[in-house]
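Hi,

Here is the structure I promised to pass on. Have a look at it first, and my notes follow underneath.

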Amino acid sequence: MPPAALNPVVQESTPALIARQLRRAIGEGELAPGQQLNEAALSRSLGVSRGPLREAMQRLTQEGLLVSIRNRGVFVIEITDDDVRDMYLARTAIERAAAARLAETDPATAQADLLRIVQAMAEAAERDDLDGVTEADIDFHTALVALARSPRLTRMHTTLMVETRMCITALEHRYSSQSPRLEEHRRIARAIGQSDLPELDRLLDGHMEDAIGRLVAPRD
């Protein structure tokens, strides 16, 4: 008999693999906000037929990253100020839930893992590598949720982080110094390590509100 510890190998379907590629392209700006997707060009570029490509595009439409306009085609979403506010509202809920779980399960390990990412962010800041700072920022929040080991939280957070990546490059140039950005992440990691749930909620709320304030125009 096979060892009991072995698990079945899960092979992703072709549409799932295509959807992942499209998410990355949207997040990194290769497919720009408002851009119409050309099925023929994409199928050639990806080396796939149009059937699985259409299924992948339908998945991303359901996730809200693409929008299908009747008689016109499929387009990458354009993120408005209201979208940014709603995106960070959803991220706050997910990340607070994940952080609370980390604080209650293995806070020391989570703190160590997250502080390593903050160190990578600090090293990128010292090199004036704004792209590196942003990548570490995204890695921090992705790890925070992934470490909670909740497939549903991770699945919801993945789409939100693609949307975040679409607009987060604007944040790079809205800090006169990267020090406050680093310190916010460091404090979040330490609050998890100390299992301080009230402080954790306060820090995550403040972190998200700060990002909104830097990304959107003030309301009249």
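Let me start with Arg187, which is partly exposed at 46% relative accessibility (buried means under 20% relative accessible area, exposed over 50%, partly exposed in between, with a 1.4 Å probe and protein chains only). Its side chain meets that of Glu183 in a salt bridge, 3.4 Å from N to O; by salt bridge I mean a side-chain nitrogen of Lys or Arg within 4 Å of a carboxyl oxygen of Asp or Glu. Glu183 is partly exposed too, at 26%. Both residues lie in helix H8, four residues apart, about one turn of the helix. Helices (H or I, at least four residues) and strands (E, at least two) are DSSP runs, numbered from the N terminus.

Before I go on, the fine print. This is a predicted model, where local features need pLDDT of at least 70 and side-chain atom pairs count only at pLDDT 80 or more, while totals for chains, interfaces and linings use all residues. Residues are numbered from 1 along each chain as its sequence is written, and side-chain values use heavy atoms, with hydrogens and water left out.

More on the charged pairs: the whole structure has 18 salt bridges. One of them joins Glu135 and Arg165, with the closest N and O atoms 2.6 Å apart. Glu135 sits in helix H6 (residues 130-146) and Arg165 in helix H7 (residues 151-172), so this pair ties together parts that are 30 residues apart in sequence. Asp137 and Arg181 form another, at 3.0 Å from N to O. That pair links helix H6 to helix H8 (residues 179-193), 44 residues apart, and both Asp137 and Arg181 are buried.

Next, helix H3 (residues 50-63). Its 14 residues should span 20 Å at 1.5 Å a residue (taking 1.5 Å times one less than the number of residues), and its end C-alpha atoms are indeed 20 Å apart. Its buried residues are Pro52, Leu53, Ala56, Met57 and Leu60. They fall within an arc of 140° seen down the axis, so they line one face of the helix; the arc is that of the directions from the helix axis to the C-beta atoms. Their cover includes helices H1 and H2 and strands S1 and S2. Gly64 follows H3, with a positive phi near 90°.

Lastly, Arg91 in helix H4 is buried at 3%. Its contacts (heavy atoms within 4.5 Å) include His141, His157 and Met208, not counting residues up to four places away in sequence.

Cheers
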